[in-house]
Amino acid sequence: MTRPARRVSPRRILTAIWDFVVGDDPRSALAALAAIGLTAVVCALGLPAWWTAPAVALASLRWSLRGARPSATKASRTSS
Amino acid sequence: MSGAEASLALSVFLACAVEAVEAFTIVLAVGTTRHWPAALAGTGVAALALAALVAALGPALTVLPLGVLRVVVGGLLLTFGLQWLRKAILRAAGAKDKHDEEAIFATERAAAAAAPAAGGFDGYAFAISCKAVLLEGLEVAFIVLTFGANQHDVGLAAAAAAAAVLAVVGAGLALRAPLARVPENGMKFTVGVLLTSFGIFWGAEGAGASWPGGEASLAPLVAVVLAASLAMVAEVRGRAATATVTGSRGAAP
């Protein structure tokens, strides 16, 4: 009567692809998208664009680390 | 072998070695605790599935127009590279726990011992080994595919991956213990730098940019990404010192 709930649907496949590529770190995927997208925009403006992708990627990486600091345990191990 | 091909082989070898160490730990724990034939069967089925994926998608990717291929490949490599690099920077700076193979081995052994045993073929050992190899290997399979397709040398990438698996399994069988002394974070840091650099290079080319000096600019790009990453490690580490100085000043009467 009813179909099994575990059949493979396009939605499940898209969710699996999303989990695989983006996972728990959407910032990295957004950074990659921004780096390549902005490079294309700079190219379309007729300007040299080779510097755009590294600048955007590295700036995004640094921004994603802005709140990070060594944990208390590690800091105390280092100081002892 | 050109510089780009050597970098391709090195990136795939290191990425595959790191993931193989992690998968080996789980298979070893399940095999020694439960049932070796079932654990090895699970490993074999997963390895065949990954090989089939590479064999099926490799030729399909190479027929894409070069610009489209480079945007897709560059985007994927840059995404994976930034994810690996961010975690490696956090680990190197002491802001994230390092991968502890011995602790993972002990946890997996305890879980395997606690799971109910069934007569005959051990489905638990099969499923856990198969899942571990599939999950750890999937990203490597995509790295093999994307690097190989872009360089039109999926064979070289697959050979580098196979060499890494053989090296890890050989070392593991010789030691008969989890490979806890492999410098996993250093390897992940290197892979992150290489994937990010190749992702930037191919992604920018696919978006229409021309690199000064063409492929010769790849080496300086790797150097820039490495230097920036090391600077970020130092910056995150420095925050502890700053916090300590501020904290001790604040605590003074």
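**Chain B and its contact with chain A in a predicted model**

From the N terminus on, chain B runs α-α-α-α-α-α-α-α. This is a predicted model, in which local features need pLDDT of at least 70 and side-chain atom pairs count only at pLDDT 80 or more, while totals for chains, interfaces and linings use all residues. Residues are numbered from 1 along each chain as its sequence is written, and chains are lettered from A in the order in which they are written.

User: How many helices does chain B have?
Analyst: Helices (H or I, at least four residues) and strands (E, at least two) are DSSP runs, numbered from the N terminus. Chain B has zero strands, and its helices number eight.

User: Over which residues of chain B is the pLDDT below 50?
Analyst: The pLDDT, the predictor's confidence in each residue from 0 to 100, averages 84 in chain B, and 94% of the residues score at least 70. One stretch falls below 50 and, beyond near neighbours in sequence, has zero contacts in the model (a contact being two C-beta atoms, placed from the backbone, within 7 Å). That stretch of chain B is residues 248–253.

User: Which element gives the most to the side of chain B that touches chain A?
Analyst: The contact takes 30 residues from chain A and 38 residues from chain B. On the chain B side, the elements giving two or more residues are helix H3 (66–92), helix H7 (184–206) and helix H8 (218–251). The element that gives the most, with 12 residues, is H3(B).

User: Which helix of chain B gives the most to the largest nonpolar core?
Analyst: A nonpolar core is a set of buried Ala, Val, Leu, Ile, Met, Phe, Trp, Tyr and Cys residues joined through C-beta atoms within 7 Å. The largest one has 92 residues, and those touching the most other members are Ala57(A), Val12(B), Cys16(B), Val144(B) and Ala161(B). The helix of chain B that gives the most, with 18 residues, is H1 (residues 3–33).

User: Is Ser9(A) buried or exposed?
Analyst: Ser9(A) lies in the segment before helix H1 (10–21) of chain A. A residue is buried if 20 or more other C-beta atoms, placed from the backbone, lie within 10 Å of its own, exposed if 12 or fewer, and partly exposed in between. Because Ser9(A) has 9 other C-beta atoms within 10 Å, Ser9(A) is exposed.
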